[in-house]
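Trainee: Could you take me through a close look at the aromatic rings here, and then at the charged side chains around them? I would enjoy one connected account rather than a list.

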Amino acid sequence: MKLSQFKFKLPEERFALKPSEHRDECRMMVLHKKSRDIEHKVFKNFIDYFNEKDLVLFNDTKIFPARLYGNKEKTGARIEVFLLRELNPDIRFWDVLVDPARKIRIGNKLYFGDDESLVAEVIDNTTSRGRTLRFLFDGSHDEFIETLYGYGETPIPPSLKQRRDVIDAPEDDDHPFTDRERYQTIFARNEGGVVAPQAALHFSRELLKRMEIKDINYEFITVHSNQGNFREIDVEDLTKHKMDSEQIIISEEVAEHVNATKDAGHHVCAVDTSVMRAIESSVSTTGHLKPFEGWTNKFIFPPYDFSIADCMVANFYEPYSTLLMLSSAFGGYDFVMEAYKLAIKEGYMFGPYGDAMLILPD
């Protein structure tokens, strides 16, 4: 497959700048792979397609407020700092991205907050944009994290941030909630991700309760997704693209439940591309899911033979995105691209706060 095969024209008005008022009331396009039928539903209809003992697999990553803005010493230049990961809790070392990177050198200090009470020193260059910062803070680690996150913003995807900046739209415009509440799943618990599992944002507590009443099972794995999901692909030949690594955790208990469900002939539904990528990164020679704790840089694009899940929940993604490529690999390239054309015609919304797509085997 070539990069150019994932080009389509996405009208700006089809990109959602904010979520639907209620999580499970966005629209849902249902694709039946075998019959190639397409249905138009509301997301709360999700449970109508699953039965007792089917299994839905979620990502329980918790997004932390990773985007901060500091001022450079002496010049006062405004610098965006994007937290990636904590390297050493004892000495407050963090891997970060900075923008504009050209203004930041080893030894520079950055000040955060109106009172400049939090200070960081650049101690290393890791990439053209990456730096290692040492935060200077007197107090416990818990107090430091509370202070650091207090200055942070929810790291919404770049495409959403850029579109909002163009129209100067506040994040809570016409809504009683903010990104910190809504760019987070209702079951987020393991902190470490900077990209939310977008397709899981549609699940409400009411919908989970209805699943329990119907005896539809669900389990959790952890996938700490990073900004690499949104990095532009700069090669036409997709076999030459390298994905950024992401941390995944699949427990033995979850793997056993997934395999038992699969062996019994029940559906296994992966919610979000992050889950699909993770479980396809830990498959045995017999086609079963293996427990795993580590990192994956697996890149899935058509054609690809999937081993674990036979159903998938996705969002509607932007042209050229790796998320679109994985979705089309699962649903079939021609069928998914046909569905995308229909989605634009029928007014579906795209992006992290957009509408959902449910892909079924028949």
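Mentor: Happily; what follows goes from the ring pairs to the charges over rings, and then to the salt bridges. Please keep in mind that this is a predicted model.

Let's begin with the rings. A pair of aromatic rings is described by the distance of the centres and the angle of the planes. Searching the whole structure gives 26 aromatic pairs. One of them joins phenylalanine 46 and phenylalanine 203: the ring centres are 5.1 Å apart and the planes stand at 80°, so this pair is edge-to-face, the label for angles over 60 degrees. Where do the two partners sit? Phenylalanine 46 belongs to the loop between strand 2 (38–42) and strand 3 (55–59), while phenylalanine 203 belongs to the loop between strand 11 (190–193) and helix 4 (205–213), so the contact ties together parts that are 157 residues apart in sequence. Phenylalanine 46 is buried, at a relative accessible area of 0%, and phenylalanine 203 is likewise counted as buried at 0%.

For another geometry, look at phenylalanine 299 and phenylalanine 301, whose pair is tilted, with 4.8 Å from centre to centre and 45° between the planes. Both phenylalanine 299 and phenylalanine 301 are buried.

Now back to phenylalanine 46 and phenylalanine 203, because ring pairs link them into a cluster with Phe43, Phe50, Phe58, Phe187, Tyr218 and Phe220. Phe43 also brings us to a charged residue: aspartate 24 has Phe43 among its contacts, along with Val42, Lys44, His202, Ser204 and Leu207, once its neighbours within four places in sequence are left aside. Aspartate 24 is placed in the segment before strand 1 (27–32). What is the nearest side chain of opposite charge to aspartate 24, and how far away is it? It is lysine 44, at 4.5 Å, and aspartate 24 is buried yet has no salt bridge. The cut-off for a salt bridge is 4 Å between a side-chain nitrogen and a carboxyl oxygen.

Strand 1 itself runs antiparallel to strand 2, and five bridges join them. Valine 30 has glutamate 39 of strand 2 as its bridge partner. The hairpin made by these strands has five residues between them, and there arginine 36 takes a positive phi near 65°.

Charges also sit over rings in this model. Arginine 27 lies over the face of tyrosine 348, 3.9 Å from the ring centre. The charged end of lysine 33 is placed over the ring of phenylalanine 330, at 4.1 Å from its centre.

Phenylalanine 330 is worth following further, as one of the buried residues of helix 7. Helix 7 (residues 322–331) is mostly covered, with ten of its ten residues buried. The buried residues of this helix include Leu323, Leu324, Met325 and Leu326, and they pack against helix 6 (273–279), strand 16 (311–315), helix 8 (333–345) and strand 17 (356–360). Just after helix 7, glycine 332 has a positive phi of about 100°.

That leaves the salt bridges, of which the whole structure has 14. Arginine 85 and aspartate 95 form one of them, with 3.8 Å between the closest N and O atoms. Arginine 85 is in strand 6 (residues 78–88) and aspartate 95 in strand 7 (residues 93–99), so the pair ties together parts that are ten residues apart in sequence. Arginine 85 counts as partly exposed at 34% relative accessibility, whereas aspartate 95 counts as buried at 15%.

Within helix 2 (residues 158–167), lysine 161 and aspartate 165 are four residues apart, which means about one helical turn separates them. Their side chains meet in a salt bridge of 3.2 Å, N to O.

Arginine 163 forms a salt bridge with glutamate 318, again with the closest N and O atoms 3.2 Å apart. Arginine 163 lies in helix 2 and glutamate 318 in the loop between strand 16 and helix 7, so this bridge ties together parts that are 155 residues apart in sequence. Arginine 163 is counted as buried at 16% relative accessibility, and glutamate 318 as partly exposed at 23%. Salt bridges with shared partners bring Glu12 in as well, joining Glu12, Arg163 and Glu318 into one network.

Note on methods
Residues are numbered from 1 along each chain as its sequence is written. This is a predicted model: local features need pLDDT of at least 70, side-chain atom pairs count only at pLDDT 80 or more; totals for chains, interfaces and linings use all residues. Side-chain values use heavy atoms; hydrogens and water are left out. Rings of Phe, Tyr and Trp (its six-membered ring) pair if their centres lie within 6.5 Å; planes under 30 degrees apart count as stacked, over 60 as edge-to-face and the rest as tilted. Helices (H or I, at least four residues) and strands (E, at least two) are DSSP runs, numbered from the N terminus. Buried means under 20% relative accessible area, exposed over 50%, partly exposed in between (1.4 Å probe, protein chains only). A charge sits over a ring if NZ of Lys or CZ of Arg is within 6 Å of the ring centre and within 35 degrees of the ring normal. Lys and Arg count as positive and Asp and Glu as negative; His and the chain ends are not counted. Contact means heavy atoms within 4.5 Å. Two strands pair if DSSP finds at least two bridges between them.
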